[in-house]
Amino acid sequence: MAEKLIGQDIAPPDLETKVTGRARFAEDFRAEGMVFAKLLLSPMPHARVRRIDASRALRMPGVLGILTADDLPDPEPPSERPLTNEPLYVGEPILALAAVDETTAADAIEQIEVDLETLPFVLDPLESLRPSGPNARLEGNTFVDGEVTTVKWTEADYAAAGEDELPMGEYTSDWSIGDLDAGFAEADLVLEETVVHQSLTHHPLEPRSCMAYWQNGKLHLFGSTQSTARTHSALADMLDLELDDVVFVGQYCGGGFGSKIAGSPIMAVPALLSRTLGRPVMLRITRYEENYIGRARPAQQARIRMGWRKDGKVTAIDLYMVQDHGPYGSSGDHQAASAIASLMYQPHAMRFRGVSIYTNTPPRSAQRQPGGGQIAPMLEPLMDKAARELGIDRVEMRRVNAPDHDSTFGPGESKLTTAYVREAIDIGAERFGWSEKTRLSGRRDGTKLTGIGVGLSAFVGGSFGYDGLVVIRPDGDLYIHQGTGNLGTHSFADTARAAADVLGMPWDRCHVIWGDTAEHLPWSSYQAGSQTAHAHSRANHAAGNDAKRKLQEIAARDLGGSPEAYETGDGRVFRRSNPTQGMSFAQAARRAIELGGAYSGQELPDDIHEMTVASAQGLAGRGLIGVAKDNYTRENGPWSFMMGFALVEVDAETGEVEIKEYTGVADCGTVLHPRGVAAQIHGGAVQGFGMARSQKWVFDPKWGVPFAYRLYTARPPGILDGPLTMDWAAVSEPDPQNPVGAKGIGEPPLGAGAAAITSAIADALGGTCLCRTPLTTDVILAELEGREQPYAKLDTHV
Amino acid sequence: MSDVEIVVDPGPGSFSRRSFIKGVVAAGAAVSSTSYLFRATSVFAVAPSARGSVARLITLRVNGQDRRVDVMPQETLAMTLRYKLGLTGTKLGCDRAECGACTVLLDGVPHYGCSMLTHMVRGRAVTTIEGLAAESGELHPVQRAVIDEGGFQCAFCAPGFIMSTVALLDENPSPSREEAAHVLSGNLCRCGDYSRILDSVVRAAEYMRRVS
């Protein structure tokens, strides 16, 4: 019997193609006769297109045609159309033009005249909420109960708050648990702060380029996505096509972080242009364009009142959040943030109130740990401040409030499967050397001030109910079909090992099939929100079990005895009592084909998704088919937790911050793949460092035009912006609702990394919470020198 | 359907898909994003429309082979490699020397392929990620080290990092993590896999010392 694969370090099967340059990302595909498209972007933050004169452009040699918003399906507001006649932000695509090469396309774009009527615009939700403030959309400034509507505050609301506190006018979303007044009455310490969290672009390294052509009535689209099956269905929906008429290829994805969950709306452009022109169309997205159409995290301006008992227990949280969610769709980041605050600190009472306001800034989407990523760096410095005032150790403060297995949280008093938060805190404190390092708090050595920080963070660790599909082919090998994407987490391979382990199959005889819908892929979760590790270890386990049952039945039928008398391992099904008696998987696969029916996929379970049905039908007769929906127990939420510890040095003369040490400890259930978990913990933390320290937007408030639209102005962290080595560990206690014990861990590392840094910087500054991210050098230096801050308390996009 | 007038033919009685809106028309301005442009001379053999440039046939030394290729004066090395020589391992992440995904070696020295004109590299040895492995298929020690560390996440940055690492180890066979980080600081990894990238560099240095 092979050793269990779950828990081992196994390099993903695509790594050799990646390091040799053979891996084909979207822009690496070519097709005979391929032409190029370019976009014309709006120069204005809000305008109406009145006239497009493309005549000169279309007369140019080599120019093939244009595509405008009128050629695209028109979804109901506030949904987004990939090309628009009413741009709602600078950089929004108005039209696309195709030409034989990219230079000709770009030259031709310059020859197009677009007449735009300017419309009112707004960049800051607090401006839109003013009684006569502009709305970002003609229909209103917020989205409530399925409708775009308008919310305005009164002059009195603004006057009551003053300059430096968040006004708290009418809200559109709220919840509460417990008795808030009693919670604050119980408190020995109450703190109240206004905190601002920035918007920041995802900026995956691979821009969302895509290429498309049509062949025999089918669309073939090559794009960058986090989730293959979901992009397949999203494309069919967006373009009003049958699922069968779309072939989507996206084997590699150069990063998404929530910005490419089901592909991108812009995929419609090459899809439709190529249909019109009858030629393959490549749309290469530049970094400049990626900044605009590549999605961003919603900003939040919040007022937080929190109460603590003398022993550090949080008694009450009163959270009011104003969210900037760009011009399209709706975002629940603020609501998620509130639920996660209630989970992390378990207050006796909590109230949340919030509004989410449209602005004429680039569209938002989920960004790694949506809501949870914002709330951790906002609240953790306040926890520190309270710990200092109460004279409690900061790690002890987290222990006192940490949720456990029986905790509930949020408006629905949701339950958890497990919560090993105290264990994660203790392991981390030990590894980091917390008790020795806290002695360095605020120490000055030359110009360097040392700061020690902690950051707790949480996010839901998985979904359920998807399908698994495996085939044992007559070569005797196991083929695990995955509808998830391959965005760099390696979970497309890691979760496949749940099926391999059920069958006792060595990894070198397993083949993962992914990233091309022509290869018969099962219906899958979104590869986002830390869902996959949990959801698809369940689904693949279920499919593996189905294959195992069929192997046992075939062995019993041919060799006698009951199916239960047989076990599988090392590519054989054999009698438990006499392992020499059995048959190879190759023989069993051939028998499955002969027997037909469910054994070879001719008959399928009736509860699997239509996409899985089609895929299983495509594979029927090719071997022994294991196919099943994940029907394992799902009662409570499998939440994952992350505790981060950081040591920073702040230069008292320059305000520069050096992150010297970082330790992250996860509660992510059973560790599926140690190196994979390490990568999530460290990579997420590094992204958190960028959020805490450098990444932001800057807009010209007069014209609504952004200044920070490239990598060197948006400032994601480089290799010198973090420690040279980073430490990690995991509690590694199995989740009871997952057959292999796994919970997802993609999200929580980001918030923990960001919060550990905001906490450490506050610590270096003697416990001062600057209550803003990013904590850029100018902000820190102003504090160190006792000067007025460069930005007003509530300023955003500065 | 919108009421935007779209003019596609300027002739008399021009075809307009929408009725013309009368009234004052504000002067329109359009922003387009012209970067890392590419003109496919070999595909489309007519006079270029605007820039008055013509292609010249040149010989490039790429991965040990002489490659004859038509190149426009403004063409970048990354575009020539990707679109004319089929070497798509060199990635474009930013097109403006910000991310390093397009790093290639010129006579062993790392350069951003997006920021070198192809004409400037005539007579120089160009090495791309495709040229690292031996002809036998045996991987370069840096590639081997990455695989043995299970390195990179999305790996879109990997070709650039690997090329920079090859150049680093050629110059300094035993770099400290700090030295390596400084040399690699021209390459960006958005997955934030830096700690493991440095692990791979250390391992690659070991492998290379063993080989030499």
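In this predicted model, strand β2 of chain A (residues 47–53) runs parallel to strand β1 of chain B (residues 5–7), and three bridges hold the pair together. One of the matched pairs here is A:Ile52, whose bridge partner in β1(B) is B:Ile6. As a bit of background, strands in a sheet pair by way of backbone hydrogen bonds, in either a parallel or an antiparallel sense.

The contact between the chains takes in 82 residues of chain A and 72 residues of chain B. On the chain A side, helix α3 (residues 102–110) gives the most, with seven residues. Sorted by class, that side of chain A has 37 nonpolar, 22 polar and 23 charged residues.

Chain A also has an open sheet of five strands, laid out in the order β21-β22-β30-β31-β34 with mixed pairing. Its edges are β21 (444–445) and β34, each of which pairs on one side only. For β34(A), the partner is strand β31 of chain A (residues 657–667), and these two run in the parallel sense over four bridges. Within that pairing, A:Thr663 finds its bridge partner in A:Asp727 of β34(A).

Just ahead of β34 in chain A comes a loop that starts after α21 (711–714) and leads up to β34 (727–730); A:Arg715 sits in this loop. A:Arg715 isn't a glycine, yet its phi is positive, at about 60°. There are 19 other C-beta atoms within 10 Å of this residue, so A:Arg715 comes out as partly exposed, given that 20 or more would make a residue buried.

Chain B has a positive phi to show as well: B:Asp95, again a residue other than glycine, has a phi near 65°. B:Asp95 is placed in the loop between α1 (77–84) and β5 (103–106) of chain B. Here the neighbour count is 25 C-beta atoms inside 10 Å, and B:Asp95 therefore counts as buried.

Turning to the peptide bonds, chain A has a cis bond from A:Pro77 to A:Pro78, where omega is near 5°. A:Pro78 belongs to the loop that links β3 (63–68) and β4 (93–99) of chain A. Another cis bond leads from A:Thr773 to A:Pro774, with omega near -5°. A:Pro774 is also a loop residue, found between α22 (748–764) and α23 (777–784) of chain A.

Technical notes:
Residues are numbered from 1 along each chain as its sequence is written. Chains are lettered from A and ligands numbered from 1 in the order in which they are written. This is a predicted model: local features need pLDDT of at least 70, side-chain atom pairs count only at pLDDT 80 or more; totals for chains, interfaces and linings use all residues. A residue is buried if 20 or more other C-beta atoms lie within 10 Å of its own, exposed if 12 or fewer, and partly exposed in between; C-beta atoms are placed from the backbone. Two strands pair if DSSP finds at least two bridges between them. Two residues are in contact if their C-beta atoms, placed from the backbone, lie within 7 Å. Ala, Val, Leu, Ile, Met, Phe, Trp, Tyr, Cys and Pro count as nonpolar, Asp, Glu, Lys and Arg as charged, and the others, Gly among them, as polar.
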